[in-house]
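Reader: I would like to learn how to read a predicted model, moving from single residues to the packing of helices. Could you take me through it step by step?

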Amino acid sequence: MAGQQFQYDDSGNTFFYFLTSFVGLIVIPATYYLWPRDQNAEQLRLKSLRRVHGRCLWYRLRLMKSQQSVVPTLKKAALLLGWALFIFLAYKVSTLDREYQEYNPWEVLNLDQSASVAEIKKQFRVLSLKFHPDKGGDEAMFMRITKAYKALTDEDARQIWENYGNPDGPGATRFGIALPGWIVDQKNSMLVLLVYGLAFMVILPVVVGTWWYRSIRYSGDQILINTTQLFMHFMYKTPNMNMKRLGMVLTAAFEFDPRSNKEAIIRPTDNVEVPQLIRELGSIINVKKKEPPFCYPYSLKARVLLLAQLARMDVSEDLEEDQRFVVRKCPALLQEMINVGCQLTMMANSRGGFHAPRLVSIENCMKLSQMSVQGLQEAKSPLLQLPHFEEEHLRYCISKKYKVRTLQDLVSLKDSDRRNMLRFLGEEKYDEVMGVLSSLPHITMETKLQVLDDEDSSNITAGSIVTVTVTLTRKKMCEVFEKEQVAPALPEDAAAAAQADAGKNKVKGWQNKSKVTKKAAKAKKKKLTKKKPLPQQQAKGDKPKQANGNVAGNDVAVKEEDEEASDKGSESDEGEGNKDTPSEREEESDKQSDAEMDQMGGDDEQEWKALQQSIQRRERALLETKSKVTHPVYSLYFPEEKQEWWWLYITDRRDQTLVSMPYHVCTLRDTEEVSVAPAETQTNKSTSCPHQRDLSPLCLGCVLHLPLFLLQQP
């Protein structure tokens with residue numbers, strides 16, 4: 001009767017199969033994920049960025065790191081060693097003898113399957129004389145050839161062999177365990193048990209526990225939970241937080257405490273170098289503040305290093321390393337602070353009972369993030385972001401002749417005026433400045449307001465849930481240069497009129513459109529307040545003329561429209577006069593009603609298709625994973641490569657509150673469509689938009705988008 005047999009691999013052959021599979025499962029994925037990427041591609045990328053970002057701190061550190069790093073070489077060596085072991089094991093397995101083979105009596109007797117019975121008997125006699133035990137032959141081999149001879153000549157044995165694959169009939173099922181026999185040997189039992197207990201009862205629980213207790217200390221954005229609670233406490237305590245207080249709260253984060261973060265270091269030289277920096281910085285440090293944790297040594301050191309970064313002060317080599325660590329952490333910590341402010345705002349709106357953080361507190365977080373990236377104080381000129389600009393050079397820019405105070409003002413100058421103003425720069429430095437200026441982004445924003453649950457999605461009423469869809473388009477500033485410099489040719493009279501209008505209202509692409517519309521509305525209102533002559537008086541008197549003596553186009557257009565209207569009216573009267581019979585009128589009305597119904601049905605189908613397309617687009621956006629690598633930020637003093645990210649939100653400037661939570665746009669390369677969180681329109685007049693009052697409260701002229709690299713003046 002067939003049974004089951006379990007046996008260990010005494011020879012070690014099966015264990016090689018297991019070991020080869022185990023090594024292959026490790027080496028193949030590790031090669032895909034850990035093999036260093038093409039260094040030439042990274043070098044080419046850095047080479048393409050050299051013209052603009054060559055003076056940035058992160059660029060110089062990246063070049064130095066790529067030259068000195070041995071990690072790629074070690075990774076390659078470890079992976080090649082793993083592949084060598086895998087190939088050796090595969091070769092070892094390929095050379096092993098197969099223990100379990102299909103029984104073939106023809107191979108045992110060294111005969112072809114076409115051999116006759118006489119040939120089988122003849123071969124058996126030859127082999128039996130050779131391997132017979134009485135004549136000094138191999139007994140095991142003699143038994144094999146005897147068994148093979150019976151399988152080929154005996155009808156019963158042959159039938160059993162054909163049915164079960166063996167002349168002996170069905171045998172026991174054998175299972176091999178891919179472990180060598182010495183592991184279960186009684187002599188080695190204590191050693192094996194010790195290794196097993198150490199691996200699965202000590203090492204594995206310690207590793208898993210360490211990972212778990214470390215992971216629960218951090219939030220999803222890799223910020224310590226204690227830091228988030230600290231930010232929530234102080235933002236609740238101080239809803240209106242100025243920049244000085246914000247810096248103190250930021251540097252009190254537990255990321256800078258050596259007891260909570262091993263990357264933070266307290267050096268013995270801090271007792272000498274930090275007090276020296278405090279004396280140089282002066283009263284802005286606020287050393288006398290005894291409120292914990294602002295008075296703790298780690299918080300004071302981080303605050304000193306951050307303020308020294310904003311003041312662009314030179315520090316020692318040890319403190320420079322700590323300063324880079326502090327500055328590198330600031331953008332992520334400030335983003336967490338913005339998230340905390342949004343959570344408190346939502347809690348205040350839903351529950352009430354306490355004051356939400358003011359809008360100025362959240363915007364100060366955004367400004368401080370920009371300041372830390374650019375290494376500039378709040379009151380400093382944004383022109384200092386450019387290379388080769390120093391404090392003494394600003395007097396050329398803010399003179400009465402040019403009045404250049406921002407980067408936008410510098411862009412709006414003519415080439416000749418700009419070169420004359422920057423005459424303190426040589427040709428190479430001037431070209432570098434223009435290269436940086438041309439690489440800065442120019443963002444255009446298109447907005448769309450919809451009430452998705454309403455039949456008429458464009459009709460916004462009080463109490464409706466409005467979805468704001470914003471389309472952001474990024475272009476380089478050099479493209480704006482080209483559009484402004486290349487203007488279409490105009491006739492002489494039109495050019496003179498356009499030049500006169502441009503002198504009054506000069507609008508650039510980067511200026512706020514709300515200001516332009518405001519000026520246009522005021523000018524239109526002034527024109528409407530002027531006393532107009534009656535139509536009869538205009539008809540009797542002379543027609544108004546322009547400066548060149550031609551008749552004013554507006555009056556002519558009005559007159560032509562009146563004549564066309566009168567002609568249409570006469571035609572309609574004639575048509576109605578011909579339709580005298582009631583039957584004709586009923587048929588015409590039925591046709592009109594059918595046409596209206598068809599038109600309404602077509603409009604509904606179009607709206608339904610548009611709604612389905614928008615839903616599908618949002619589902620794809622939720623499922624699609626976009627890279628957060630957009631465009632590198634030009635930052636002279638930031639220690640690592642920073643990508644262009646943006647904040648998008650709607651505010652109520654009168655009440656200094658948020659209408660929608662800030663949306664962090666991290667994937668804007670060329671064009672990005674963002675749906676701001678739906679907001680309920682209010683009937684209170686204080687929330688109405690000061691720019692475009694016809695759009696009700698949710699006017700996107702109030703949307704504020706602050707780039708992380710473009711420092712706005714407060």
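**From one residue to packed helices**

Author: Let us begin with a single residue in this predicted model: Thr-20 has its place in helix H1, which covers residues 13-34.

Reader: Is Thr-20 buried or exposed?

Author: The cut-off for buried is under 20% relative accessible area, and Thr-20, at 12% relative accessibility, therefore counts as buried.

Reader: Which residues is Thr-20 in contact with, leaving aside its neighbours within four places in sequence?

Author: Those partners are Phe-86, Leu-89, Ala-90 and Val-93. A second residue can be read in the same manner: Met-477 lies in helix H20, residues 477-485, and counts as buried because its relative accessibility is 9%. Met-477 and Ser-439 are 38 residues apart in sequence, while their C-alpha atoms are 6.0 Å apart in space.

Reader: What does the protein chain look like as a whole, in helices and strands?

Author: The protein chain has 25 helices and nine strands, and 33% of its 714 residues count as buried. Among contacts in the protein chain with a separation of 6 or more, 67% are accounted for by residues 24 or more positions apart.

Reader: How should I read a single helix, and where do the buried residues of H10 lie around its axis?

Author: The general idea is that an α-helix has 3.6 residues a turn, so residues three or four places apart point the same way. In helix H10, residues 225-237, the buried residues are Thr-227, Thr-228, Leu-230, Phe-231, Phe-234 and Met-235. They cover an arc of only 160° around the axis, and therefore lie on the same side of H10. The buried residues of H10 pack against H11, H14 and helix H15, the last of these being 359-374. As for length, the 13 residues of H10 should span 18 Å at 1.5 Å a residue, which agrees with the 18 Å between its end C-alpha atoms.

Reader: How is the packing of two helices described?

Author: Two packed helices are described by the angle between their axes and the distance between the axes. For helix H11 (residues 243-251) and helix H14 (residues 317-350), the axes come within 11 Å and cross at roughly 110°, which means that H11 is roughly perpendicular to H14. On the H11 side the contact involves Leu-246, Val-249 and Leu-250, which meet Cys-330, Leu-333, Leu-334 and Met-337 in H14. By class, the residues of this contact of H11 with H14 are seven nonpolar, no polar and no charged.

Reader: At what angle do the axes of H11 and H15 cross, and which residues make the contact?

Author: These axes cross at roughly 70° and come within 10 Å, so H11 is roughly perpendicular to H15. From H11 the contact takes Met-243, Leu-246, Gly-247 and Leu-250, and from H15 Asn-364, Cys-365, Lys-367, Leu-368 and Met-371. The contact of H11 with H15 has six nonpolar, two polar and one charged residues.

Reader: At what angle do helix H13 and H14 pack?

Author: Helix H13, residues 297-310, packs with H14 at an angle of about 85°, their axes being 9 Å apart, and H13 is therefore roughly perpendicular to H14. Here Lys-301, Ala-302, Leu-305, Leu-306, Ala-308 and Gln-309 in H13 meet Leu-319, Asp-322, Gln-323, Val-326, Val-327 and Cys-330 in H14. The residues of the contact of H13 with H14 divide into eight nonpolar, two polar and two charged.

Conventions:
Residues numbered from 1 in each chain as written. Predicted model: local features only at pLDDT ≥ 70, side-chain atom pairs only at ≥ 80, totals over all residues. Heavy atoms only, no water. Helix = DSSP H or I, 4+ residues; strand = E, 2+ residues; numbered from the N terminus. Buried < 20%, exposed > 50% of the residue type's maximum accessible area, 1.4 Å probe, protein only. Contact = heavy atoms within 4.5 Å. Axes fitted to C-alpha atoms, helices over the stretch in contact; angles between N-to-C directions. Parallel < 35°, antiparallel > 145°, perpendicular 65-115°, else oblique. Nonpolar A, V, L, I, M, F, W, Y, C, P; charged D, E, K, R; others polar. Expected span 1.5 Å × (residues − 1). Arc of directions from axis to C-beta.
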